Amino acid sequence: MNGILAPLFLLAGALFMTACTADSGKNTAEGSLMVNADIQLPSEISKNEEETFAVAVTQGKEAVEDAAGVEFEIWKAKSKEDSEMIKAVHKGKGVYEIKKTFNEDGVYFVQTHVTARDLHVMPKKEFIVGEVTEEELKKADEPDKTEDSSDEHSHH
């Protein structure tokens, strides 16, 4: 009986490994079609003026017109706990936008939360509103326990 079971277990193991390998190949092919989110900010952002922030969402070379959700999270450096979430409006050609007015000069961060085609990506950018001192810039670049140190996340 043991003489028959050993080859059966080996065959089952080989089939299992083949199935895992085939599945991982599929994930690799899908990996090349990750959803990308490119945050587009004005070159200069002034205090007390309405500004347009956009994110271009693509998958491969295709604009994503059917994102399930796109939000912009904005916070002043060292104040992530006071962040503001703003739902974006689809403008076409894979571009999603918000309008925002800033009341204070300073160093800020924007992180988009894009959910599209069963993927979630969260790129982040730093930007300046108005005029800031060299000291404010240095402080903004210091690690903060409330901020995530990575620039981009992706979740399946």
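## A walk around the pocket and the core

Start by selecting I74, W75, K76, S79, D82, E84, K100, T101, F102, N103, E104 and Y108, the residues that line the largest pocket. You are looking at a predicted model, so keep that in mind as you click around. Two elements each give two or more residues to this lining: β4 (69-76) and β7 (95-101). The biggest contributor is β4, with three residues. Try colouring the lining by residue type: four are nonpolar, three polar and five charged. If you want a number for the space itself, the volume of this largest pocket is about 220 Å³.

**Zoom out to the whole chain**

Now show everything as a cartoon. You should find two helices and 11 strands. What pattern do they follow along the sequence? Reading along, you go α-β-β-β-β-β-β-β-β-β-β-α-β. Switch on a surface and you have about 9,900 Å² of accessible area, with 54% of that belonging to carbon and sulfur atoms. Of the chain's 156 residues, 33% count as buried. Take contacts between residues at least 6 apart in sequence: 66% of them join residues at least 24 apart.

**Into the largest nonpolar core**

Next, select F53, V55, V70, F72, I74, F102 and F127. These have the most contacts inside the largest nonpolar core, which has 26 residues. The elements giving two or more residues to this core are β1 (35-40), β2 (50-59), β4, β7, β8 (106-116), β9 (119-121) and β10 (124-129). Which element gives the largest share? That is β8, with four residues. As a general point, nonpolar side chains in soluble globular proteins tend to be buried together.

Stay on F102 for a moment, as this residue appears in the pocket lining and in the list of best-connected core residues. Leaving out residues up to four places away in sequence, F102 touches I45, K47, N48, E49, F53, I74, Y108, F127 and V129. There is also a second, separate core of five residues, and you can pick out W75, V107, F109 and A140 among them. You have met W75 already, in the lining of the pocket.

**Two buried neighbours: V55 and T112**

Click on V55, in strand β2. Is V55 buried or exposed? V55 is buried, because its relative accessible area is 0%. Beyond residues up to four places away in sequence, V55 touches A37, D38, I39, V70, F72, G94, V95, Y96 and T112. For a distance to try out, pick the C-alpha atoms of V55 and L41: they are 8.6 Å apart in space, and the two residues are 14 apart in sequence.

From V55, hop to its contact T112, which lies in strand β8. T112 counts as buried because its relative accessibility is 0%. Its contacts, again leaving out residues up to four places away in sequence, are A37, I39, V55, E71, F72, V121, M122 and P123.

**Last stop: out on a loop**

Finally, follow the chain to D118, in the loop between β8 and β9. Buried or exposed, what is D118? With 73% relative accessibility, D118 counts as exposed, since the cut-off for that is over 50%. Add A68 to your selection: D118 and A68 are 50 residues apart along the chain, while their C-alpha atoms are separated by 8.7 Å.

Technical notes: Residues numbered from 1 in each chain as written. Predicted model: local features only at pLDDT ≥ 70, side-chain atom pairs only at ≥ 80, totals over all residues. Heavy atoms only, no water. Buried < 20%, exposed > 50% of the residue type's maximum accessible area, 1.4 Å probe, protein only. Contact = heavy atoms within 4.5 Å. Areas by Shrake-Rupley, 256 points an atom, 1.4 Å probe, with all protein chains shown as cover. 1 Å grid on protein atoms, 1.4 Å probe; cavity = no way out; pocket = protein on both sides within 12 Å on 5 of 7 lines; lining within 4 Å. Points joined across faces, edges and corners; volume = space filled by probe spheres on them. Nonpolar A, V, L, I, M, F, W, Y, C, P; charged D, E, K, R; others polar. Core = buried A, V, L, I, M, F, W, Y, C linked by side-chain atoms within 4.5 Å.
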